[in-house]
Amino acid sequence: MKDTNVPDPDDKLDLRGVLCPMNFVQTKLALEDLDEGQVLEIILEDGEPMRNVPRSVKEEGHKVINVQKLEDETYKLLIRRGED
């Protein structure tokens, strides 16, 4: 059953195997392609990516609205694009 509180993403980005800071750079570029309020889904590996990317997107004015741990030690994050 789908959680109705979690929106469907407008775009998706799989960043497994992408090193810092390129995973944040790719996330930032993908968010720039979205309109305010749209949602980006990203998949990040545990460790440094999960420590750095969510913090960096919040500093950019976006909001992490959902974090889900996946079976392979990765995380699926939903990020709502903030205002310009």
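# Exercises on a predicted β-α-β-α-β-β model

From the N terminus on, the elements of this protein run β-α-β-α-β-β. The coordinates belong to a predicted model, and the exercises below go from the whole chain to single residues.

## Exercise 1. The overall form

Task: Determine how many helices and strands the protein has, and decide how its radius of gyration stands against the globule rule.

Solution. Step one is the count, which gives two helices and four strands. Step two takes the radius of gyration, 12 Å, and sets it beside the 12 Å that the globule rule gives for 84 residues; the two values are close, so the protein is as compact as a globular protein of that length. Step three adds the extents of the C-alpha trace, which spans about 35 × 30 × 15 Å along its principal axes.

## Exercise 2. Interior, surface and charge

Task: Work out what share of the 84 residues is buried, what share of the exposed area carbon and sulfur atoms supply, and how far apart the centres of the positive and negative side chains lie.

Solution. Begin with the interior: buried residues, meaning those under 20% relative accessible area, make up 37% of the 84 residues. Turning to the surface, the protein exposes about 5400 Å², and carbon and sulfur atoms supply 45% of that area. For the charges, there are 12 positive and 20 negative side chains, with the centres of the two sets 4 Å apart. As for the contacts within the chain, of those between residues at least 6 apart in sequence, 63% join residues at least 24 apart.

## Exercise 3. Helix H2 and its packing

Task: Check the length of helix H2 (residues 48–59) against the expected span, then identify which elements its buried residues pack against.

Solution. At 1.5 Å a residue, the 12 residues of H2 should span 16 Å, and the end C-alpha atoms are 17 Å apart, which agrees. The next step is to list the buried residues of the helix, namely Pro49, Met50, Asn52, Val53, Pro54, Ser56 and Val57. A general point helps in reading such a list: an α-helix has 3.6 residues a turn, so residues three or four places apart point the same way. The buried residues of H2 pack against helix H1 (22–32) and against the strands E2 (39–45), E3 (63–69) and E4 (74–80). Just after the helix, Gly61 takes a positive phi of about 100°.

## Exercise 4. Val53 within H2

Task: Decide whether Val53 is buried or exposed, and find which residues it touches beyond four places in sequence.

Solution. Val53 has its place in helix H2. Its relative accessible area is 0%, under the 20% cut-off, so Val53 is buried. Leaving out residues up to four places away in sequence, Val53 touches Asn23, Phe24, Thr27, Ile42 and Leu44. Of these, Asn23, Phe24 and Thr27 fall within the range of H1 (22–32), whereas Ile42 and Leu44 fall within that of E2 (39–45).

## Exercise 5. The loop between E1 and H1

Task: Compare Arg16 and Leu19 in exposure, and state which peptide bond to Pro21 is cis.

Solution. Arg16 lies in the loop between E1 and H1, and Leu19 lies in that loop as well. At 37% relative accessibility Arg16 counts as partly exposed, whereas Leu19, with a relative accessible area of 66%, is exposed. Arg16 touches Ile43, Glu45, Asp72 and Thr74, not counting residues up to four places away in sequence; Arg16 and Glu45 are 29 residues apart in sequence but 5.8 Å apart in space, C-alpha to C-alpha. Pro21 also belongs to the loop between strand E1 (11–14) and H1, and the peptide bond from Cys20 to Pro21 is cis, with omega near 0°.

## Exercise 6. Glu73 and Lys76

Task: Locate Glu73 and give the sign of its phi, then list the contacts of Lys76.

Solution. Glu73 has its place in the loop between E3 and E4, where its phi is near 65°, a positive value in a residue other than glycine. For context, most residues other than glycine have a negative phi, and most peptide bonds are trans. Glu73 is partly exposed, with a relative accessible area of 44%. Lys76, found in strand E4, is likewise partly exposed, at a relative accessible area of 24%. Not counting residues up to four places away in sequence, Lys76 touches Glu41, Ile42, Asn66, Val67, Gln68 and Leu70.

How values were computed: Residues numbered from 1 in each chain as written. Predicted model: local features only at pLDDT ≥ 70, side-chain atom pairs only at ≥ 80, totals over all residues. Heavy atoms only, no water. Expected span 1.5 Å × (residues − 1). Buried < 20%, exposed > 50% of the residue type's maximum accessible area, 1.4 Å probe, protein only. Contact = heavy atoms within 4.5 Å. Rg over C-alpha atoms; globule rule 2.2 N^0.38 Å. Areas by Shrake-Rupley, 256 points an atom, 1.4 Å probe, with all protein chains shown as cover. Lys, Arg positive; Asp, Glu negative; His and termini not counted. Charge placed at Lys NZ, Arg CZ, Asp CG, Glu CD.
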